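The report below is written for a reader who wants residue-level geometry together with the cut-offs behind each term. Please keep the sequence and the model at hand while reading.

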Amino acid sequence: MMRPEILCLGEPLVEFVRETGTTEPLYRRGFGGDTSNAAIAAARQGASVGYITAVGTDSFGDSLMALWKAEGVDTTGVTRNPEAPTGIYFVDPDPDGRFFTYFRTGSAASLLTPKDLPLDDLRGAKVLHLSGITLAVSAGMRASAFSAIGAAASGGAAISVDTNLRLKLWPAKEARTVLTRAMAMARVAVTSLDDSTALLGLTDARAVAEAYRAMGPEIVLVTMGGAGAWVSAGDEGALIPALPATPVDSTGAGDSFAGAFLAWWLELGDAVEAARRAAIVAAGTVSGFGAVEPIPRRAEVLACRSGAA
């Protein structure tokens, strides 16, 4: 079996999204977890993708395994832990914000250790993607992340880091220190303007890109919600406009943008065009409920680009 070209590392979650327009609080079950969302977005663009994590042997873990199989995401790197639960979270959807309630303490993913890593797959990958959440979940997950970076880099893989700052998981000072260490080993940095204001005190996308480029990454993507995204790659900088959309739930939009970007960048070798296609994916994601279900697939993206040509 061929090893996946893109590997994502982090904590998956089963999500329960509150239905709108109902008198009683009804919840629809779905799936989330930032790097799992990114993995699925990349797979839906046609990339060869694998996921590295741990889930419980509970029904939630079973449902995630079934999801990845259905999406064509390789699960060689997924550990099943019979002594720990799969994390879950509840979402109150909003077009402009995300209101989360988590039940993830002691989750199987938080107990992941470097010995659980598929080292041969990491050394054979072309891209390893992880996030600030990956680095914040637990000491074991953080150690696993840096071990994975070392293994992937030794095989020549590009490291991709999404800041995805969650101040409920760790303070800004610690996040800044750990993310700076990760960025020094990264080729691709993905961040939002909000994250970078909290981490770096910067409010201009171009300045944010320059700051991250100075840390090490060659390519920096700064997402700005409805204002689009700024891409800095080599000597080139470009504003990628946000596509017209009717936002109903912003959950997972940045994750799908990151995953889709990596898939198209790996295929095309063109960061700006990859970002344009990733913007299509992000617009589709915010137009539906949940982090995974509305993520557009390759054919939709190509049709949209063809129509724009």
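What follows covers the nonpolar cores, the aromatic rings, one loop, a serine in a strand and the cysteines.

This is a predicted model, in which local features need pLDDT of at least 70 and side-chain atom pairs count only at pLDDT 80 or more, whereas totals for chains, interfaces and linings use all residues. Residues are numbered from 1 along each chain as its sequence is written, and side-chain values use heavy atoms, with hydrogens and water left out.

## Nonpolar cores

A nonpolar core is here a set of buried Ala, Val, Leu, Ile, Met, Phe, Trp, Tyr and Cys residues joined through side-chain atoms within 4.5 Å, where buried means under 20% relative accessible area, exposed means over 50% and partly exposed lies in between (1.4 Å probe, protein chains only). The largest such core has 51 residues, and those with the most contacts inside it are Ile6, Trp68, Leu221, Phe261 and Trp265. Helix H10 (residues 271-286) gives the most to this core, with nine residues; helices (H or I, at least four residues) and strands (E, at least two) are DSSP runs, numbered from the N terminus. Contact means heavy atoms within 4.5 Å, and, not counting residues up to four places away in sequence, leucine 221 touches Val188, Ala189, Val190, Thr191, Trp230, Val231, Phe257, Phe261 and Ala275. Apart from the largest core lies another, of 44 residues, among them Ala125, Met141, Ala148 and Ala186.

## Aromatic rings

Rings of Phe, Tyr and Trp (its six-membered ring) pair if their centres lie within 6.5 Å, and planes under 30 degrees apart count as stacked, over 60 as edge-to-face and the rest as tilted. A search of the whole structure finds seven aromatic pairs, and the table gives two of them.

| Pair | Arrangement | Centre to centre | Angle between planes |
|---|---|---|---|
| Tyrosine 27 and phenylalanine 90 | edge-to-face | 5.4 Å | 85° |
| Tyrosine 89 and tyrosine 102 | stacked | 5.5 Å | 20° |

Tyrosine 27 lies in strand S3 (residues 27-32) and phenylalanine 90 in strand S6 (residues 88-93), so their pair ties together parts that are 63 residues apart in sequence. Tyrosine 27 is partly exposed at 37% relative accessibility, and phenylalanine 90 is likewise partly exposed at 26%. In the stacked pair, tyrosine 89 belongs to strand S6 and tyrosine 102 to strand S7 (residues 98-103), so that pair joins parts 13 residues apart in sequence. Tyrosine 89 is buried, with a relative accessible area of 3%, whereas tyrosine 102 counts as partly exposed at 28%. One aromatic cluster is formed by Phe16, Tyr27, Phe60, Phe90 and Phe103.

Charges also sit over rings, a term that requires NZ of Lys or CZ of Arg within 6 Å of the ring centre and within 35 degrees of the ring normal. Arginine 181 lies over the face of phenylalanine 146, at 3.6 Å from the ring centre, and arginine 277 lies over the face of tryptophan 264, at 4.5 Å from the ring centre.

## The loop between S9 and H6

Asparagine 164 is found in the loop between strand S9 (158-162) and helix H6 (172-183), and it is buried, with a relative accessible area of 8%. Although asparagine 164 is not a glycine, its phi is positive, at about 35°; most residues other than glycine have a negative phi.

Threonine 163 lies in the loop between S9 and H6 and counts as buried at 1% relative accessibility. A polar contact is a pair of N or O atoms within 3.5 Å; within protein, one must be able to donate a hydrogen and the other to accept it, and residues adjacent in sequence count only if both atoms are side-chain atoms. The side chain of threonine 163 makes such a contact with the side chain of threonine 191 (2.9 Å).

Tryptophan 170, found in the loop between S9 and H6, is buried with a relative accessible area of 3%. Beyond four places in sequence, tryptophan 170 touches residues including Gly132, Leu135, Arg142 and Val178.

## Serine 232 and the cysteines

Serine 232 is found in strand S12 (residues 229-233) and is buried, with a relative accessible area of 10%. Its side chain makes a polar contact with the side chain of arginine 213 (2.8 Å).

A search of the whole structure finds zero disulfides, a disulfide being a pair of cysteine sulfur atoms within 2.5 Å. Cysteine 8 counts as buried at 1% relative accessibility, while cysteine 304 is partly exposed, with a relative accessible area of 32%.
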